[in-house]
Amino acid sequence: MHILLDQLEINILTPDNDDLKRIENLAKATGDINGLSPVDLDVLALAMSIDGGIATDDHRVQNVAESAGIYWIPVIGEGISEKWDWIMKCRGCGKIWPSEMDIVSRECDDCGSEIRLVRK
Ligand SMILES: [Zn+2]
């Protein structure tokens, strides 16, 4: 009986490998992978596997959860209001412009190339 319970617990607490892979890929895509521990990834994958939610104040975990469509709530903090931080970057010379600059002009004053909104 005891062994059965242990097995049951392991089954519940071990995320599906496919889900873990999916979370890893998502975390790579959002750029959060380097700041996440294996446990963070497990928790995220587990939440995905069991269709559960996460209570966390870790913005990287929140970001990946958001991307994965996983429900999350902050523990103490207020959470993130937006998914990404964006910067205005010139395609030509790579100069980073203040984000509050006029988005309509979209032309680099230095080299005349297109300025694009990219994720930080
Ligand atoms: Zn430029």
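How are helix 3 and helix 4 oriented to each other, roughly parallel or roughly perpendicular? They are roughly parallel. The structure is a predicted model, and this report walks through its helices.

**Overall layout**

The chain has 120 residues, and 24% of them count as buried. Its secondary structure consists of four helices and five strands. Read from the N terminus, the order of elements is α-α-α-β-α-β-β-β-β. Take the contacts between residues at least 6 apart in sequence: 38% of them join residues at least 24 apart.

**Helix 3**

Helix 3 covers residues 38-49. It has twelve residues, and at 1.5 Å a residue they should span 16 Å. The C-alpha atoms at its ends are 16 Å apart, so the expected span and the model agree.

This helix is mostly covered, with nine of its twelve residues buried. Towards the start of the list of buried residues stand Asp40, Leu41 and Val43. Leu44, Ala45, Leu46, Ala47, Met48 and Ser49 are buried too.

Just after helix 3 comes Asp51, with a positive phi of about 60 degrees. That is a positive value in a residue other than glycine. Asp51 sits in the loop between helix 3 and strand 1, which is formed by residues 54-55. Is Asp51 buried or exposed? It counts as exposed, because it has 8 C-beta neighbours inside 10 Å.

**Two helix pairs**

Two packed helices are described by the angle between their axes and the distance between the axes. Helix 4 takes part in both pairs below, once with helix 2 and once with helix 3.

| Pair | Angle between axes | Distance between axes |
|---|---|---|
| Helix 2 and helix 4 | roughly 115 degrees | within 10 Å |
| Helix 3 and helix 4 | about 25 degrees | 11 Å |

**Helix 3 with helix 4**

The angle here is about 25 degrees. Angles under 35 degrees count as roughly parallel, and helix 3 and helix 4 are therefore roughly parallel to each other. Helix 3 passes helix 4 in a right-handed crossing. On the helix 3 side, the contact is made by Asp40, Leu44 and Met48. On the helix 4 side, it is made by Val61, Val64, Ala65 and Ala68. By class, this contact holds six nonpolar residues, one charged residue and no polar ones. Asp40, Leu44 and Met48 are also among the buried residues of helix 3.

**Helix 2 with helix 4**

Helix 2 runs over residues 17-30, and helix 4 over residues 59-68. Their axes cross at roughly 115 degrees. The range from 65 to 115 degrees counts as roughly perpendicular, so helix 2 and helix 4 are roughly perpendicular to each other. Their crossing is right-handed.

Which residues of helix 2 meet helix 4? They are Ile23, Leu26, Ala27 and Thr30. Facing them in helix 4 are Asn63, Val64, Ser67 and Ala68. This contact has five nonpolar and three polar residues, and no charged ones. Val64 and Ala68 appear in the contact with helix 2 and again in the contact with helix 3.

**Lys28**

Lys28 is found in helix 2. It counts as exposed, because it has 12 C-beta neighbours inside 10 Å. How far apart are Lys28 and Val64 in space, C-alpha to C-alpha? The distance is 9.3 Å, although 36 residues separate them in sequence.

Key: Residues numbered from 1 in each chain as written. Predicted model: local features only at pLDDT ≥ 70, side-chain atom pairs only at ≥ 80, totals over all residues. Helix = DSSP H or I, 4+ residues; strand = E, 2+ residues; numbered from the N terminus. Expected span 1.5 Å × (residues − 1). Buried ≥ 20, exposed ≤ 12 C-beta atoms within 10 Å, placed from the backbone. Contact = placed C-beta atoms within 7 Å. Axes fitted to C-alpha atoms, helices over the stretch in contact; angles between N-to-C directions. Parallel < 35°, antiparallel > 145°, perpendicular 65-115°, else oblique. Left-handed = near helix turned anticlockwise from the far one by under 90°. Nonpolar A, V, L, I, M, F, W, Y, C, P; charged D, E, K, R; others polar.
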